[in-house]
Amino acid sequence: AVSLTSAGLTVRLQLEDPIRGRVLGQFSASGSRDSLPALAEELALGVLRLEAARGDPAVVTTLPRSLPALRALTTGMAQYRLARYPAAGESFRRASSINGGTFESMRGGVTSAAAAGRLAEETHWLRQRASASPPDAPALTALSYALALTGDMKGAVDTALEATTIAPDS
């Protein structure tokens with residue numbers, strides 16, 4: 001619901017689960033009439049916090065980094081679910097380019113590229129990113145995943161071991 005008063009604009013959002021017939025969350029944001037984009041960002045952040053509370057690992061690890069990265073990640077996830085693999089890949093790559101990226105955003109890019117028949121291109125991009133200085137553990141981990149999908153198991157294992165030397169938790 002949107003209400004416009006002389007004091008400004010208030011946007012209220014209620015997320016409902018129609019299958020279970022329950023309210024998942026309620027959010028509200030207020031501001032001046034020209035602040036609609038900022039209000040939308042505030043509401044989106046509320047929804048993303050709700051998702052993080054539900055424990056989605058991709059959302060949980062990306063939330064502290066930045067809202068734009070999280071928006072790109074969740075857009076990629078939505079595009080992938082709709083079988084729009086090239087668009088999903090672009091969103092995941094955008095998420096990977098913000099604040100250093102995460103393994104989740106890069107893995108989404110690999111999965112989307114594989115579904116779109118563009119795994120070689122994604123593998124090349126990950127090789128370039130992984131070879132940057134300083135070494136990029138999330139990119140190496142995603143490259144390992146991509147190599148496994150191509151059938152290069154030795155390369156996948158070697159790359160995964162390299163990632164664990166940089167970041168033991170990767």
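## Exercises on a predicted chain

Apart from neighbours within four places in sequence, Leu13 has contacts (heavy atoms within 4.5 Å) with Gly25, Gln26, Phe27, Leu43 and Val47. The model is predicted: local features need pLDDT of at least 70, side-chain atom pairs count only at pLDDT 80 or more, and totals for chains, interfaces and linings use all residues. Residues are numbered from 1 along each chain as its sequence is written, and side-chain values use heavy atoms, with hydrogens and water left out.

**Exercise 1. Place Leu13 in the chain and state its exposure.**

Step 1. Find the element. Leu13 lies in strand β2, residues 8-17. Helices (H or I, at least four residues) and strands (E, at least two) are DSSP runs, numbered from the N terminus.

Step 2. Check the exposure. Leu13 has a relative accessible area of 31%, so it is partly exposed. The cut-offs are: buried under 20% relative accessible area, exposed over 50%, partly exposed in between, with a 1.4 Å probe and protein chains only.

Step 3. Take one contact partner, Phe27. Leu13 and Phe27 are 14 residues apart in sequence, and their C-alpha atoms are 5.1 Å apart.

**Exercise 2. Describe the whole chain by its elements and its burial.**

Step 1. Count the elements. The chain has 8 helices and 3 strands.

Step 2. Read the order. Along the sequence the pattern is β-β-β-α-α-α-α-α-α-α-α.

Step 3. Look at burial. The chain has 170 residues, and 38% of them count as buried.

Step 4. Look at contacts. Among those with a separation of 6 or more, 38% join residues 24 or more positions apart.

**Exercise 3. Which face of α8 is buried, and what helps to cover it?**

Step 1. Get the length. Helix α8 covers residues 153-166, which is 14 residues. From first C-alpha to last, α8 reaches 20 Å, close to the 20 Å expected at 1.5 Å a residue. That expected span is 1.5 Å times one less than the number of residues.

Step 2. List the buried residues. In α8 they are Gly155, Ala156, Thr159 and Ala163. Seen down the axis of α8, the buried residues fall within an arc of 100°, so they line one face of the helix. The arc is taken from the directions from the helix axis to the C-beta atoms.

Step 3. Recall the general rule. An α-helix has 3.6 residues a turn, so residues three or four places apart point the same way.

Step 4. Turn to the other face. Away from the buried side, α8 carries the exposed residues Lys154, Leu161 and Thr165.

Step 5. Name a cover. Helix α7 (137-150) is included in what covers the buried residues of α8.

**Exercise 4. Compare the exposure of Ser96 and Phe103.**

Step 1. Take Ser96, in helix α4 (residues 85-97). Its relative accessible area is 1%, so Ser96 is buried. Beyond four places in sequence, Ser96 is in contact with Gly101, Ser105, Met106, Trp125 and Arg129.

Step 2. Take Phe103, in helix α5. Its relative accessibility is 23%, so Phe103 counts as partly exposed. Beyond four places in sequence, Phe103 is in contact with Pro138, Thr141 and Ala142.

Step 3. Check one distance. Phe103 and Ala142 are 39 residues apart along the chain, and their C-alpha atoms are separated by 6.2 Å.

**Exercise 5. What is unusual about the phi of Ala83, and where does this residue sit?**

Step 1. Recall the general rule. Most residues other than glycine have a negative phi.

Step 2. Read the angle. Ala83 is not a glycine, yet it has a positive phi of about 60°.

Step 3. Locate the residue. Ala83 is in the loop between α3 and α4. At 44% relative accessibility, Ala83 counts as partly exposed.
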